[in-house]
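Work through the exercises below with the model open. Each task is followed by a stepwise solution.

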Amino acid sequence: MARDVSYITTPIYYVNDKPHIGHAYTTTVCDVYARFMRFAGRDVFFLTGTDEHGVRIEKVASAQGITPQQLADDNAAEFQRVLPLLGSTNDDFIRTTEPRHTRQVQNLVQKLVDAGVVYLGEFEGWYDEGQEEYIPQNKAKELGYKSPVNHKPLVRAKESNYYFRLSAFQEKLEKLFDEQQDFVRPQARRNEVLGRLREGLADVPISRTNFTWGVPMPNDPKHVIYVWIDALMNYVTALGLGEPDSDAFAQRGKYWPPDYHVIGKEILWFHAVIWPAILMALDVPLPRCIYAHSFWIREGQKMSKSLGNFIDLPTIQKYVDAYGLDAWRYYMATQGPLGATDADFSDKHFHDIYTTDLVNTVGNCASRVAAMIGKYFDGAVPAETDGGSPRRIADHDWPAICQRTVAESRAAMDKLDLSGSIGAAVGLVRKIDAFINLTEPYKLAKDESRRDELGAILYQCCEALRIASLLLWAVMPERMEQLWTSMNQSIDPRAGKLQALTSWGGLQSGASIQKLALFPRMEKPSV
Ligand code: MSP
């Protein structure tokens, strides 16, 4: 069903790390969706932020001889600094150490206690210190009692903890997966979660007593709320759901539930099982979809700190400096691992995609069309019509072709199929090129008697290009705005008029067009 509000979130990023491609990727995916939907007229709220509590942060800070708060402040500031460099239009940035968040986490956890789904219990099990996670006995055995992530030995830990009665949600969760087939995407990830879910759910500890850097348990402050529970709640605290009397809730409550929680595949269990169970217990509607993307690898190899091959911020910056921010965003959005398999980031691939799609297709088409209008019509858009209706040339019904493309691009974006949505727009540009090759306006130009036909062809090319550019704005805002300027189009995407702007005939004949080099050719991979 069409909705007039949309909410999309990134995971909140750990402040023990510096921003890298993983963070840049999720942020860009969400940003492209948010921009597109705002342009399409939806009232969108796009949230990102930082995850600042937990023993890991406490340890890293103490190793650096600073307080956890200091570490969190420094790195949260770094994450915030980076967002505009990626072109992010997030509406808020939530930090889990902010009082607005911690107050609400306590309220929400108290509600869970009151509802009888959180209780005090005793637990002993295998604990992965790096991941701050208990590993079930059978899994621990399978793993040789070593962390699957850092391969350090699991430790035997015993605690008196508050527990979340996850086991009580077994049936409801299975029903959810059954009824809402798209609750977890892509399909392969859904099947994995469902498989694990069917093995049966045990209650999960949601408090710790072995460290202090976290949100204290309401009415029992020697317990600190487990960082994952605290972190997941950011999605609702940013909208004020934990304080229904607040201004935040009055203004933002309407955005819940989210269209998408966009996350990486390694944090799916928390989002697809524990989080919906918490929301069910709180009687809060569930997100429409948890979208778990795969990973970027580099030149065929897993990225890791030990290999030193992580695409970190300075590397991202080099690509942005060499190819432009829009080219970086285009590569992230169209070549990224939104599907069930990992995506390989390679220097050559980046260069090839830039050259094929942006230089040779979008950029070339724009300059070709503008050059011909410049040459044959003194830079003024010619008229298309023939007695009031668009001319049909070489059997091309351009209004219909464009309308179909807009619908396809929009429907794909709705499904968070970024490459499908953007691919539809680039496909339209390819059709324009093919149309030029077919109708050969440069030959027609020599025949004065066919001037009307020549004008109509160039009008159609220019108008279809304008429509394609509107669909490409969300991913490449800077360059598409330059294109609009060169076409004398004053368009404000914030006005949310994508649908109206994409109807055929928006381009006025007589408007002056300038030639521009939208995507300069780069000779060699230069990063
Ligand atoms: N703090 C948790 C999330 C809590 S959400 C309530 C966390 N933070 S993180 O900083 O470690 O990870 C942030 C995101 O980056 C994750 O979604 C993760 O999947 C993503 N990436 C990290 N490395 C990645 C790649 N190599 N490729 C793509 N994304 C990956 O987890």
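Here Ala, Val, Leu, Ile, Met, Phe, Trp, Tyr, Cys and Pro count as nonpolar, Asp, Glu, Lys and Arg as charged, and the others, Gly among them, as polar. The model is predicted: local features need pLDDT of at least 70, side-chain atom pairs count only at pLDDT 80 or more, and totals for chains, interfaces and linings use all residues. Residues are numbered from 1 along each chain as its sequence is written, and side-chain values use heavy atoms, with hydrogens and water left out.

**Exercise 1. Describe the shell around the ligand.**

Step 1. Collect the residues near the ligand (a heavy atom within 4 Å of it). There are 22 of them, and the closest are Ile12, Asp51, Gly264, Glu266 and Trp296.

Step 2. Sort by class. The shell holds 12 nonpolar, eight polar and two charged residues.

Step 3. Assign the shell to helices (DSSP runs of H or I, at least four residues) and strands (E, at least two), numbered from the N terminus. At least two residues each come from strand E2 (13–14), helix H1 (21–39), helix H8 (227–232), helix H9 (234–237) and strand E13 (260–264). H8 has the largest share, three residues.

**Exercise 2. Find backbone atoms in polar contact with the ligand (N or O pairs within 3.5 Å), then give the ligand's cover.**

Step 1. Start with ligand oxygen. One oxygen atom lies 3.1 Å from a backbone N or O atom of Tyr14. A polar backbone atom of Gly264 is 2.9 Å from an oxygen atom of the ligand.

Step 2. Turn to ligand nitrogen. A polar backbone atom of Trp296 sits 2.9 Å from a nitrogen atom of the ligand.

Step 3. Compute the cover with the Shrake-Rupley method and a 1.4 Å probe. On its own the ligand has 670 Å² of accessible area, and the protein covers 93% of that.

**Exercise 3. Characterise the two largest cavities.**

Step 1. Set the rule. On a 1 Å grid over the protein atoms alone, a cavity is a set of points where a 1.4 Å probe fits but cannot get out; lining residues have an atom within 4 Å of a point. Points are joined across faces, edges and corners, and the volume is the space filled by probe spheres set on them. Four cavities reach 30 Å³ or more.

Step 2. Take the largest, about 70 Å³. Its lining includes Tyr13, His20, Phe79 and Phe93. H1 and helix H3 (68–85) each give at least two residues. The classes are eight nonpolar, three polar and no charged.

Step 3. Take the second largest, about 50 Å³. Among its lining residues are Ala366, Cys462, Leu483 and Gln514. Helix H14 (347–377), helix H18 (451–472) and helix H19 (477–486) give two or more residues. H14 gives the most, three. The lining has nine nonpolar, two polar and no charged residues.

Notes: Polar contact = N/O pair within 3.5 Å; in protein donor to acceptor, adjacent residues only side chain to side chain. 1 Å grid on protein atoms, 1.4 Å probe; cavity = no way out; pocket = protein on both sides within 12 Å on 5 of 7 lines; lining within 4 Å.
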